[in-house]
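This report addresses how a protein surface meets a DNA strand and how the chains are arranged.

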Number of protein chains: 2
Amino acid sequence: MKKKKSELLTEVELEFMNELWAIGEGTVRDVLDRLPDDRDLAYTSGATILRILEQKDFVTSRKEGKTLVYTPTLAKDIYQTRSLKDLSMKLFDDTPATLVARLVDDETLTEEALGQIRALVDRRLKNDGG
Amino acid sequence: MKKKKSELLTEVELEFMNELWAIGEGTVRDVLDRLPDDRDLAYTSGATILRILEQKDFVTSRKEGKTLVYTPTLAKDIYQTRSLKDLSMKLFDDTPATLVARLVDDETLTEEALGQIRALVDRRLKNDGG
DNA sequence: TTTGGAAAACGAAAAGCTTAGTATTTACTC
DNA sequence: GAGTAAATACTAAGCTTTTCGTTTTCCAAA
């Protein structure tokens, strides 16, 4: 039986994917330039991470002139769903309501955010109902 | 300047904390016994993990007879909030509404779960409003 | 009070993640 | 085509996490 792969990104990989998702596609240099100033990675480190991401099939690359341009193969929202599912399973007994409970407990949540959340749930309930 | 600690548990640490949270407190043996059958860890591995958890201040221990009984120092709901915050920051641009959007997108979500979620949000909105 | 069995303490091997150095390739310029 | 500047490929060092073996400690029962 094959060993279960986690299908989840490591911390650094996620850091890079976030930039690629934001810009659609980009080179090693593009991504590095977008990272915070205090994050100084060697160019080669960035290249390694993108190479690994390609190995893991999270991105593809095509050659453009002499440089590689990387493109995500997985949409951000899909990955978001996957991550949430994982967290829900591991920490919330697979009970989404508990997860939302913790979320809305948060003192710092604005009324506006709460309103948006409610609208989302309502819309979904209506679509299901009829 | 001190390096930022993540304050988050590793995969295995979380596995153990979940059992401690479920039973309130317990020994190495107690926790190991609760893990799934296909998860066979040596006794010493379990002991190591709990020792590390104590080092990181997620649990305390007291001696009872010859064995150590471990107790969480951090409530599960606090840790849930912390984890969600972390995920939200790293993957949802710190926008809780987006997070909920992904959650309610989930096809497999039952109507009941959706209702519970809505009730939670409503209650919170009412409490705030007056 | 000796001893046998279970647990704790310690240390360290194994595996995985992060970072980067060196060597090689590439495309462009003269 | 030789020089050169920038990018890629390859490799590995240094951490952290995961796992467990060995030694030490402790209790309980003979």
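## Surface near DNA strand D

The residues of the surface near DNA strand D comprise six nonpolar, eight polar and six charged (nonpolar: Ala, Val, Leu, Ile, Met, Phe, Trp, Tyr, Cys and Pro; charged: Asp, Glu, Lys and Arg; polar: the others, Gly among them). A residue is near the strand if one of its heavy atoms lies within 4 Å of it. H3(A) gives the most to this surface, with four residues; helices (H or I, at least four residues) are DSSP runs, numbered from the N terminus.

This is a predicted model, in which local features need pLDDT of at least 70, side-chain atom pairs count only at pLDDT 80 or more, and totals for chains, interfaces and linings use all residues. Residues are numbered from 1 along each chain as its sequence is written, chains are lettered from A and ligands numbered from 1 in the order in which they are written, and side-chain values use heavy atoms, with hydrogens and water left out.

## Polar contacts with the DNA

In polar contacts (pairs of N or O atoms within 3.5 Å), a side-chain N or O atom of Arg29(A) lies 3.2 Å from a phosphate oxygen of DNA strand D. For Arg51(A), a side-chain N or O atom is 3.2 Å from a base nitrogen of DNA strand D. Ala42(B) places a backbone N or O atom 3.0 Å from a phosphate oxygen of DNA strand D.

## Relation of the chains

Chain A is superposed on chain B by a rotation of 180° with 0.0 Å of shift along its axis (RMSD 0.1 Å), by least squares on the C-alpha atoms of residues with pLDDT of at least 70 in both. This is the relation of a two-fold axis.

Terms used
A polar contact is a pair of N or O atoms within 3.5 Å; within protein, one must be able to donate a hydrogen and the other to accept it, and residues adjacent in sequence count only if both atoms are side-chain atoms. Helices (H or I, at least four residues) and strands (E, at least two) are DSSP runs, numbered from the N terminus.
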